[in-house]
Amino acid sequence: MTKKAPAKKKSTKSAAAKKSASAKKSTKKAPAKKAAAKKAPAKKAAATTAAKKAPAKKSAAKSADKSPAKKAPKLPKFLTDKTWLAAQKKSLIEERRRYTHNAEALAAEAASLMADREPGDVQFDEESGEGDTLAVERDRDLALSAQAREKVDEIDAALERLAAGTYGICVTSGEIIPKERLEALPMAAKTVAAQTAMF
């Protein structure tokens, strides 16, 4: 009976050894969890580097927006001369007044021609040719009135270019319109080459 007692001690020792071994294993696994926790900041670091790259894309987009812009041509002296530009503006305003008056007068004449005409008053003879002479005159006056109004629109566009500082620059090619052309035709929006290229 005394011999069996030491056997129990061995079993308790082996149980204690097993517990201590399992405790060591559990303590060894704990640092593994810490290592996993350390990996999480690495993901944050990747996210911050991605965030840092985003502004670089924006700056690239901004530079892309600026690159296609054409450089404005160097303006000749006459286009920066305030006295000459003021004279051109005065000429444009005078031309506008004249064309507006013509457009209104021609429209009024066309209206009066139709007012004088009686219904069914159509003349077909050798003098008038085929059709109504009053109607022909009216159509001509209306066409001339429309042309005068188109000139007024061109002058308004030229005045807008003067205000914007782009007067004398061809709207099609971006080249400088010669001084002589602008003095002869103040509302000119294109160079001769650009104008004739349309035909």
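In which helix is the place of Arg 96? In this predicted model, Arg 96 sits in helix H3, and it makes a handy starting point for a walk through the fold. With a relative accessible area of 30%, Arg 96 is partly exposed, because it falls between the 20% limit for buried residues and the 50% limit for exposed ones. Setting aside residues up to four places away in sequence, Arg 96 touches Val 152, Ile 155 and Asp 156. The C-alpha atom of Arg 96 is also 9.2 Å from that of Ala 148, although 52 residues separate the two along the chain.

The wider setting comes next. The chain holds six helices and zero strands, so that its elements read α-α-α-α-α-α from the N terminus on. Of its 199 residues, 18% count as buried. Among contacts with a separation of 6 or more, 60% are made by residues 24 or more positions apart.

Helix H4 covers residues 133-164 and deserves a closer look. Its 32 residues, at 1.5 Å a residue, should span 46 Å, and the C-alpha atoms at its ends are 47 Å apart, so the expected and modelled spans agree. After H4 comes Gly 165, which has a positive phi near 85°. The buried residues of H4 are Asp 141, Ser 145, Ala 148, Val 152, Ile 155, Ala 158, Arg 161 and Leu 162.

Two charged members of that buried set can be followed further. Asp 141, in helix H4, counts as buried because its relative accessibility is 1%, under the 20% cut-off. Apart from residues up to four places away in sequence, Asp 141 is in touch with Leu 106, Glu 109, Ala 110 and Leu 113. Arg 161, which also lies in helix H4, is buried because its relative accessible area is 11%, again under 20%. With the same sequence neighbours left out, Arg 161 touches Thr 166, Tyr 167, Val 171, Met 187, Ala 188 and Ala 189. Of these partners, Val 171 is ten residues from Arg 161 along the chain, and their C-alpha atoms are separated by 9.9 Å.

Lys 151 is another residue of helix H4. At 28% relative accessibility, Lys 151 is partly exposed, since this value lies between 20% and 50%. Lys 151 and Met 187 are 36 residues apart in sequence, while their C-alpha atoms are 8.4 Å apart in space. Both residues turn up again around Tyr 99, which is in contact with Ala 148, Lys 151, Val 152, Ile 155 and Met 187 once neighbours within four places in sequence are left aside.

Tyr 99 leads on to the nonpolar interior. In soluble globular proteins, nonpolar side chains tend to be buried together. The largest nonpolar core here has 19 residues, and those that touch the most other members are Leu 79, Trp 84, Leu 92, Tyr 99, Tyr 167, Leu 182 and Met 187. Helix H2 (77-80), helix H3 (82-116) and H4 are the elements that give two or more residues to this core.

What, then, is left as empty space? Rolling a probe the size of a water molecule over the atoms shows where such space remains. The largest pocket contains about 200 Å³ of space. Twelve residues line this pocket, and Glu 154, Met 187, Ala 188, Ala 189 and Gln 195 are the closest to its centre. Helix H4 supplies four lining residues, the largest share. Sorted by class, the lining has six nonpolar, one polar and five charged residues. Met 187 thus links several parts of this account, being among the core residues that touch the most other members and among the residues closest to the pocket centre. Ala 188 and Ala 189, also closest to that centre, are contact partners of the buried Arg 161.

The last stop is helix H6, residues 192-196, where Ala 193 is found. Ala 193 is exposed, because its relative accessible area of 56% is over 50%. Its C-alpha atom is separated by 9.3 Å from that of Ser 173, 20 residues away along the chain.

Definitions and conventions: Residues numbered from 1 in each chain as written. Predicted model: local features only at pLDDT ≥ 70, side-chain atom pairs only at ≥ 80, totals over all residues. Heavy atoms only, no water. 1 Å grid on protein atoms, 1.4 Å probe; cavity = no way out; pocket = protein on both sides within 12 Å on 5 of 7 lines; lining within 4 Å. Points joined across faces, edges and corners; volume = space filled by probe spheres on them. Nonpolar A, V, L, I, M, F, W, Y, C, P; charged D, E, K, R; others polar. Core = buried A, V, L, I, M, F, W, Y, C linked by side-chain atoms within 4.5 Å. Buried < 20%, exposed > 50% of the residue type's maximum accessible area, 1.4 Å probe, protein only. Contact = heavy atoms within 4.5 Å. Expected span 1.5 Å × (residues − 1).
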